[in-house]
Amino acid sequence: MKEYFSYDDVLIKPLYSEVRSRSTVDVSTSLNSWIKLGIPIIASNMDTVCEYNMAKSMAEFGGLGVVHRNLPHATRIHNVRRLTELGLLSAVAVGVNEYDDAPFNRYLDEGVDVFVLDIAHGDSLHALKAVEGLRSIAERYGNETCIVGGNVATPDGVERMANAGAHSVKVGIGPGAACLTRINTGVGVPQLSCIMECAERADFLGLSVIADGGVKTPGDVAKAIAAGADAVMLGSMLAGTDEAPGVVRTVRGQRVKSYRGMASGGAGSKYVEGAEGYVPYKGAAFEVVSAIINGLRSAISYCGSYSISEMQSKVEFIKVSPLSLIENDAHGTIL
Ligand code: XMP
């Protein structure tokens with residue numbers, strides 16, 4: 001049996017560097033030949049993470065926010081219009097079950113930039129057919145719309161997505177903070193190895209990879225990118241910010257916001273594979289994103305590199321003992 005690793009199983013080995021300042025490091029990326037991002041960060045298509053406010057802020061920072069599919073089409077379409085009017089990138093999630101009667105032309109009329117097919121198991125016939133359909137609808141319409149398929153967790157799954165016409169693929173089955181898929185089904189692939197395997201095939205086939213789920217720290221973002229992801233999708237890290245839907249509450253003396261899996265009972269799923277709870281309130285999303293981008297710039301410079309692609313070509317991961325988690329975090333210091 002092959003061994004697979006999660007983010008916490010590894011560290012990035014520091015390499016000789018001539019980079020004098022992190023400000024000289026380029027963190028831009030792209031999802032396909034025309035969707036360019038200033039930062040490789042995407043807000044998750046979840047109903048406790050991304051509606052208009054999050055999508056607007058993320059696009060302003062140079063990233064992207066995917067408006068979730070639990071909103072009515074009219075609201076999603078209105079969000080696309082507002083973003084387009086501001087000259088910002090817009091992205092919406094479409095569920096595989098609503099595919100047959102979704103008013104795609106109205107999204108395309110408003111200039112939607114990215115469609116994200118939202119289904120837990122993307123490597124399935126109905127998901128692949130939906131990706132194929134989305135691509136041909138957008139092409140017939142004549143719009144430059146990027147089609148993101150997913151989620152998959154194997155190189156062959158990436159290849160089937162590429163053959164179906166996806167420009168980009170979301171990678172990750174069960175690593176997320178509110179995911180119960182692995183616990184309830186025993187299915188999944190540890191996320192770091194999953195990204196490495198999938199990115200290798202995606203590179204070969206010419207599509208991009210979005211590492212989706214399981215990111216807890218800025219360091220995890222750096223590991224995901226170093227492992228080959230073109231961008232990283234964040235749920236729980238952004239759910240506690242002002243821009244996420246929902247209000248700030250006080251629970252057991254702590255300020256929190258709600259966070260729940262899209263396959264949770266609360267989000268309307270019959271087959272519960274998502275948890276429901278809270279995450280700490282964090283203030284403006286800009287603070288979270290800045291910390292991530294600062295960490296990523298430093299990581300790239302620690303790898304003696306000036307760009308994401310240079311780091312990906314040079315990086316060496318080292319497997320660490322589980323005890324290193326104690327050494328990694330602040331310890332012996334009263335915080
Ligand atoms: P993080 O770790 O960033 O993960 O909070 C966000 C990602 O988790 C996925 N997701 C789910 N996975 N059951 C799952 O197994 C769910 O109910 C669920 N809801 C979201 C999704 O890929 C998201 O971007």
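This report describes the ligand site, the nonpolar cores and several individual residues of a predicted model.

**Ligand site**

The ligand is surrounded by 22 residues, of which S44, C179, T181, D212 and Y259 come nearest. Sorted by class, this shell consists of nine nonpolar, eleven polar and two charged residues. Polar backbone atoms of the protein also approach the ligand, as the table sets out for G214, M262 and A263.

| Residue | Protein atom | Ligand atom | Distance |
|---|---|---|---|
| G214 | backbone N or O | oxygen | 2.8 Å |
| M262 | backbone N or O | nitrogen | 2.8 Å |
| A263 | polar backbone atom | oxygen | 2.6 Å |

Taken alone, the ligand would expose 520 Å², and the protein buries 90% of that area.

**Loop residue G274**

One of the ligand-contacting residues, A263, is also touched by G274. G274 belongs to the loop that runs between strand 13 (254-260) and strand 14 (276-280). Is G274 buried or exposed? Its relative accessibility is 7%, and because buried means under 20%, G274 counts as buried. Beyond residues up to four places away in sequence, G274 touches A178, L180, G261, A263 and S264. For G261, the C-alpha to C-alpha distance from G274 is 4.2 Å, although the two are 13 residues apart in sequence.

**Nonpolar cores**

The largest nonpolar core holds 92 residues, and F115, L234 and L238 touch the most other members. Helix 10 (residues 285-302) gives the most to this core, contributing eight residues. Apart from it lies another core, made up of 15 residues, including L31, V114, I210 and A231.

The surroundings of F115 can be listed in detail. Not counting residues up to four places away in sequence, F115 touches V92, V94, F104, Y107, L108, L134, T145, C146, I147 and V148.

**S168 and strand 9**

S168 is located in strand 9 (residues 168-171). With a relative accessible area of 0%, S168 is buried. Which side chain makes a polar contact with the side chain of S168? The partner is the side chain of S208, at 2.8 Å. Leaving aside neighbours within four places in sequence, S168 is in contact with L31, I147, V148, G149, L207, S208, V209 and I210. Two of these, L31 and I210, are members of the 15-residue core, while I147 and V148 are also touched by F115.

**Helix 5**

Strand 9 also takes part in the packing of helix 5. Within helix 5 (residues 155-164), the residues P155, G157, V158, M161 and A164 are buried. The buried residues of this helix pack against helix 4 (125-141), strand 8 (146-152), strand 9 and helix 7 (191-205). Just after helix 5, G165 adopts a positive phi of about 110 degrees.

**N79 in helix 2**

N79 is found in helix 2 (residues 73-85). Its relative accessibility of 6% lies under the 20% limit, so N79 counts as buried. Leaving aside neighbours within four places in sequence, N79 is in contact with Y52, V67 and L71.

How values were computed: Residues numbered from 1 in each chain as written. Predicted model: local features only at pLDDT ≥ 70, side-chain atom pairs only at ≥ 80, totals over all residues. Heavy atoms only, no water. Near = heavy atom within 4 Å. Polar contact = N/O pair within 3.5 Å; in protein donor to acceptor, adjacent residues only side chain to side chain. Areas by Shrake-Rupley, 256 points an atom, 1.4 Å probe, with all protein chains shown as cover. Nonpolar A, V, L, I, M, F, W, Y, C, P; charged D, E, K, R; others polar. Core = buried A, V, L, I, M, F, W, Y, C linked by side-chain atoms within 4.5 Å. Buried < 20%, exposed > 50% of the residue type's maximum accessible area, 1.4 Å probe, protein only. Helix = DSSP H or I, 4+ residues; strand = E, 2+ residues; numbered from the N terminus. Contact = heavy atoms within 4.5 Å.
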